[in-house]
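I opened this structure to look up a few things about its surface, its cysteines and its helices. My notes follow in the order I took them.

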Amino acid sequence: MGELLMKNLTIRYGGAEVVSEFDLAVHDAEIVSLLGPSGAGKTTVLKAVAGLIRPQKGEIIIDGQSVQHLPPEKRNAVMVFQKSLLFPFMNVAQNIGFGLRMQGRHGREIRRQIDRILELTELTGLGQRKVHELSGGQQQRVSLARALVLKPAILLLDEPLSNLDANLRQQMRELIQDIQVETRITTLFVTHDQVEALMISHRVGLLLDGRLRQVGEPRELFYRPVDPDVARFFGGCNFIQGHVKNGMFRSEYGNAPAPAINGNGHLLTATIRPEDILITPESKYDLQGQVQKTNFEGSATRIWVQCKDTRFVILTSETGIFPGQKVGLHLPPDKIRIFPGGPESGEMI
């Protein structure tokens with residue numbers, strides 16, 4: 001069993017507040033990603049849970065017990081760092097078994113645990129290898145194995161894949177997923193890579209400027225951001241302004257139902273994702289504009305279209321669209337996300 005609860009954490013470095021009023025629960029057998037840009041405070045939260053730094057305010061609870069005053073080795077939480085931090089004078093098996101020896105385990109029990117974890121992390125046959133004989137991906141798997149063999153209540157992963165190339169990262173993502181499914185270990189995973197977070201997590205928490213802005217299932221953050229900043233982080237780049245009237249958001253670019261917003265005449269900001277805008281070179285839609293530039297991105301092409309005072313960005317599989325061309329655009333009403341704040345909640349592009 002592993003339950004992690006962080007309540008109202010505030011952490012300062014010097015006079016600067018790095019994490020503010022942070023609340024997050026990670027449930028038993030769940031993997032939650034803490035996502036955000038560099039400097040957002042992600043690793044700081046992880047270190048606080050591990051006991052490496054002490055919050056100025058708030059509480060950290062593991063399996064129902066407050067761990068504020070416990071040293072790292074008493075918290076039943078193990079952290080895997082961005083760098084593998086393996087002992088270079090030990091082989092793979094010795095590195096993995098180090099924590100077990102520190103716990104007073106011996107002989108056959110340690111060997112049995114090491115063999116099991118070598119198989120789980122796809123390192124079978126490499127137990128006698130020295131650290132310098134391993135690839136970067138293999139070294140990171142040894143770090144993961146060294147943490148898992150201790151069977152902690154909480155596994156803390158601090159951007160463990162960021163130093164790997166694209167192919168190895170994908171392999172490690174899948175491995176972490178498979179291990180988490182098999183072991184059901186409660187995991188808090190820190191990353192700045194939104195693809196990584198969306199792929200491996202049951203839920204994602206977005207941390208911006210030290211504040212947790214939204215927590216939810218990956219699709220929820222991607223398609224239903226709570227504010228323009230969250231939308232921008234997940235690739236939202238089309239913002240329009242309009243007014244609400246009789247339960248409808250009305251703008252010169254498109255209308256959408258707004259039943260949850262009361263009153264008439266409020267100036268609101270809305271967004272629509274680039275892949276949700278329909279484009280045609282035949283200009284069959286009422287909204288028309290001129291293509292400014294295009295970027296081929298493999299399976300799709302990114303297109304910038306100027307319509308009146310707004311430049312829209314569209315991601316489409318359509319081909320044969322070129323700069324200078326007149327095109328038609330359609331913004332499906334069910335794809336428009338309306339933010340309840342005023343014009344300061346978003347900006348025209």
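**Charged surface and other checks**

I began with E119, which is exposed, at 59% relative accessibility. The model is predicted, and I read every value below with that in mind.

Next I asked where E119 is found. I located E119 in helix α3.

I then looked up the charged neighbours and found E119 in a negative surface patch, together with D115, E122, E174, D178 and E182. I noted which elements give two or more residues to this negative patch: they are α3 (107-120) and α5 (166-183). I also wanted to know which element gives the most to the negative patch. That is α5, with three residues.

I turned to the opposite charge. A positive surface patch is formed by R108, R111, R112, R116 and K151. I looked up the place of K151 and found this lysine in the loop that lies between α4 (136-148) and β7 (154-158). Is K151 buried or exposed? I recorded a relative accessible area of 54% for K151, so this lysine counts as exposed, the cut-off being over 50%.

I moved on to the cysteines. How many disulfides does the structure hold? I found zero. C237 is in no disulfide, and the nearest cysteine sulfur to it, that of C307, is 13 Å away. Why do C307 and C237 form no bond? I put this down to distance: the sulfur of C307 is too far from that of C237, its closest cysteine sulfur, because the two are 13 Å apart and a disulfide needs sulfur atoms within 2.5 Å.

I compared the cover of these two cysteines. C237 has 21% relative accessibility and therefore counts as partly exposed, since buried would require under 20%. C307 is buried, at a relative accessible area of 0%.

My last entry is on helix α1, residues 42-50. I checked how many of its residues are buried. The helix is mostly covered, with seven of nine residues buried. I listed the buried positions in α1 as K42, T44, V45, L46, A48, V49 and A50; a lysine, K42, is among them. I then looked at what follows α1 and found G51, with a positive phi near 90 degrees.

To close, I set two lysines side by side: K42 in α1 is buried, whereas K151 is exposed.

How values were computed: Residues are numbered from 1 along each chain as its sequence is written. This is a predicted model: local features need pLDDT of at least 70, side-chain atom pairs count only at pLDDT 80 or more; totals for chains, interfaces and linings use all residues. Side-chain values use heavy atoms; hydrogens and water are left out. Patches are made of residues with over 30% relative accessible area and no salt bridge: like charges are joined within 9 Å, nonpolar side chains (Val, Leu, Ile, Met, Phe, Trp, Tyr) within 5 Å. Accessible areas come from the Shrake-Rupley method with a 1.4 Å probe; for residues, only the protein chains shown count as cover. A salt bridge is a side-chain nitrogen of Lys or Arg within 4 Å of a carboxyl oxygen of Asp or Glu. Lys and Arg count as positive and Asp and Glu as negative; His and the chain ends are not counted. The place of a charge is taken as NZ of Lys, CZ of Arg, CG of Asp or CD of Glu. Helices (H or I, at least four residues) and strands (E, at least two) are DSSP runs, numbered from the N terminus. Buried means under 20% relative accessible area, exposed over 50%, partly exposed in between (1.4 Å probe, protein chains only).
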